[in-house]
Structure formats: C-alpha cells, structure tokens
Amino acid sequence: MRLGVLDVGSNTVHLLVVDAHRGAHPTPMHSEKSVLRLAERITRGGDLSKAGADELCTAVQSAKEAATRLGCEEVMAFATSAVREAKNSAKVLARVAEETGVDLQVLSGTDEARLTFLAVRRWYGWSAGQLLVLDIGGGSLEVAMGRDEEPVLAESLPLGAGRTTRTRFRHDPPTRSELVATSAWLDDQLTDLARKITKWGEPDRVVATSKTFRSLARLTGAAPSAAGPRVRRTLTDTALRQLLAFVSRMSSADLAHLEGVSSSRSHQLVAGALVAQATMRALGVPELEICPWALREGVILRRLDHSHGADETGAALVGRFGAQEDR
C-alpha cells in the first residue's frame, strides 16, 4: 500500500510517501518539506501566533493535496514539540481540521522516543543487542534504550537544538562565555538521564537519528546522502570536539554554506553540536552510528504492524492518523 506520513516539527512540515506492506522494507517514493519554524512563532504568552497557524494550515493543505495526487491510501499526520507545547494547541488543531480535513495529532515526547526506537531496532535487527538511541530535534532530545522493540527506557528532555539556541544564545556566533555556560548547563540537565541509563547496563550499540546528527556526521567526514542509506556513518566525540571549535566561530549565514547544513537549520547547528557533545559525554559514549530511519519510519512501521493486529499504540496512531475525507 502507499502511505503518507505528515510530520509537523519545530522547523519543518515534512511529507514522506512510501510504498510498504507488513514484513517488507518501506520504499520512499516522495519527500517534500515546508520550512515554517513554528517554534519561533510562539508568542510571549505561549501561543502559536496567528501567522504561524495560517502558514501551518497552508502547509498541511498543500501536503494533503500532494498525498492525494501521489495516490496515498492513508496519511498519518502528527505534530511534535512546537505544537505540543503551544498553549493554544487545541484551538490550532481544531482550525487545521476544519480548514484542511486533516486530523493532526500531537505525539508525546515519550511516544516520539518509542517510535524512533522501533525504527532503529528494525533497521539494525536483533543482532544489535541492547540499543541506546539518541535523537536531537528542534525542541527536544529523545533518548531510548532496550533489547526489544519496546524500550525499557524512553525519555524526552527539552534540550532541542532550536530551543537551546533561542534560550541560551544572544549572539551570532555565540560568545565564548555563552558556549561555556551552555555546556555546563547541559551537563547539569543530563545528570538524571545518565543515572537512569546506567541502571540498565552498557549498550551494545549507540545510535543517533535525524537531521542534527546527520549534519554533524557529514561535517566530520561521513559519506554524503548521495552515497545511499546503507553506507555506515559515525560520529566520534573527538571529531565533534574539533568541529565545534570550528563552527562555533562562524555566523549562521556562513554555516549555511557548509555541505550538509540546510539554511533553515544553520542557526541552530552550534547548539545542536553542544547538545550532542554533552549527551555523549554524560552517557560515556565515544562514538555513535547514524541510522537513516527515525520517527517517521517508526510511525509507518507501527501502522503496518497494526494492519495485522498490533498493540494499542499502533491502534491509537492509526485510529487518529488515518486517511481524512475532504470536509
């Protein structure tokens, strides 16, 4: 079947279309993004601004039309931290449903971690043993760990690259004092997480997903996306430290010219690198692998599982994210 996944994140609205059936590798057929930076459209009162909501409705409608044009049987639409944390999220979601017919659902941070973990587990298989999975988004850091498809630990912390940029930096590029203070602050924020993970023992494999980690790996010498998803890509603490010394002195405009860095995310690259470094340091991780599958693939896999009677999470996702009729 042909499925669409619409991911409303802190930076982009991303439509991924795949051909898939249970037990088979989902084949990507189409991908398109709209850069909205919703997290930067939150007012001082905590609401998503009217302009932000306007653009969200337009982007969702455009994605819905693309999914219809491409023959999607279902579109699973979800939002993460930016919409989740907006005080007027219920009103915004109601407006999106009214104007576009798409029932946009909000994922909890814990479910983000769980579904991303599922995608990584399926990519590497059982031979990977105990997995530790890290994912830095725009608004949050997701961490999950376990030996099965359901992690024994799934955590979401408000340490996303975009959020850290907005709350910790006043200058572009950030000053030396901002970098030092933010690094120390991150160490403090990650103390409890490190304690929880230690409880479950050493991971057999440490894996990172999504755009921030992919960009950092590319900048430290990993193969470009053109080399294909099956090329092994890694990020080491040594390479990351050397990269930070370089990029922390560059403006976001200059960073946007680096290979593997998109202009829509260049302003948060330094903060993302600091979060990655602090997380690796807190968890004692000298090297991690980059997985091409992440949250969107996890949603697809759970949907396919549910088509043959999967668990309640799958049922809830499909029930809420199923194909929408025009209103």
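This briefing describes the domains, salt bridges and selected helices of one predicted protein model. Because the model is predicted, local features need pLDDT of at least 70 and side-chain atom pairs count only at pLDDT 80 or more, whereas totals for chains, interfaces and linings use all residues. Residues are numbered from 1 along each chain as its sequence is written, and side-chain values use heavy atoms, with hydrogens and water left out. The domain assignment divides the chain into domain 1 (2–107) and domain 2 (109–295); such bounds come from an automatic or database domain assignment.

**Domain interface**

- The C-alpha centres of domain 1 and domain 2 are 23 Å apart. To their contact (heavy atoms within 4.5 Å), domain 1 contributes 15 residues and domain 2 contributes 19 residues.
- The size of an interface is often given as the accessible area lost when the parts come together.
- Between domain 1 and domain 2 about 1300 Å² is buried, 49% of it on carbon and sulfur atoms. Buried area here is the accessible area (1.4 Å probe) that two parts lose on being put together, summed over both.
- On the domain 1 side, Asn-11, His-25 and Leu-107 lose the most area to domain 2, together 34% of what that side buries.
- The two domains are joined by 2 salt bridges, a salt bridge being a side-chain nitrogen of Lys or Arg within 4 Å of a carboxyl oxygen of Asp or Glu.
- Across the interface of domain 1 and domain 2, 7 residue pairs are in polar contact, both residues at pLDDT 80 or more. A polar contact is a pair of N or O atoms within 3.5 Å; within protein, one must be able to donate a hydrogen and the other to accept it, and residues adjacent in sequence count only if both atoms are side-chain atoms.
- Helix α2 (residues 81–85) gives the most to the side of domain 1 that touches domain 2, with 3 residues. Helices (H or I, at least four residues) and strands (E, at least two) are DSSP runs, numbered from the N terminus.

**Salt bridges**

- Side chains of opposite charge can pair when their charged atoms come close. The salt-bridge rule gives a count of 23.
- Asp-19 and Arg-2 form a salt bridge through their side chains, at 2.7 Å from N to O. This pair links distant parts of the chain, with Asp-19 in strand β2 (residues 12–19) and Arg-2 in strand β1 (residues 2–8), 17 residues apart.
- Asp-19 is partly exposed at a relative accessible area of 28%. By relative accessible area, buried means under 20%, exposed over 50%, and partly exposed in between (1.4 Å probe, protein chains only).
- The closest N and O atoms of the salt bridge between Arg-114 and Glu-150 are 2.5 Å apart. Arg-114 belongs to helix α4 (residues 109–124) and Glu-150 to the loop between β7 and β8, so the pair ties together parts that are 36 residues apart in sequence.
- Arg-114 counts as buried at 16% relative accessibility, whereas Glu-150 is partly exposed at 34%.
- The side chains of Glu-112 and Arg-84 also meet in a salt bridge, at 2.8 Å from N to O.
- Arg-302 pairs with Asp-305 in a salt bridge whose closest N and O atoms are 2.8 Å apart. These residues of helix α12 (residues 295–306) are 3 residues apart, so about one helical turn separates Arg-302 and Asp-305.
- Arg-302 is buried at 7% relative accessibility, and Asp-305 is buried at 10%.
- Lys-50, Asp-54, Arg-95 and Glu-99 are joined into one network by salt bridges that share partners.

**Helix environments**

- Helix α7 (residues 191–199) has Leu-193, Ala-194 and Ile-197 buried. Viewed down the axis of α7, the buried residues fall within an arc of 100 degrees, so they line one face of the helix; the arc is that of the directions from the helix axis to the C-beta atoms.
- Arg-195, Thr-198 and Lys-199 are exposed on the other side of α7.
- The cover over the buried residues of α7 includes β6 (131–136), β7 (141–146), β8 (153–157) and α11 (269–283).
- Gly-201, just after α7, takes a positive phi of about 85 degrees.
- In helix α5 (residues 161–168), the buried residues are Ala-161, Gly-162, Arg-163, Thr-164 and Thr-165. They pack against α2, β6, α6 (176–189), α8 (210–219) and α11.
- Ser-210 is part of helix α8 and is buried at a relative accessible area of 16%. Leaving aside neighbours within four places in sequence, Ser-210 is in contact with Asp-135 and Ala-294.
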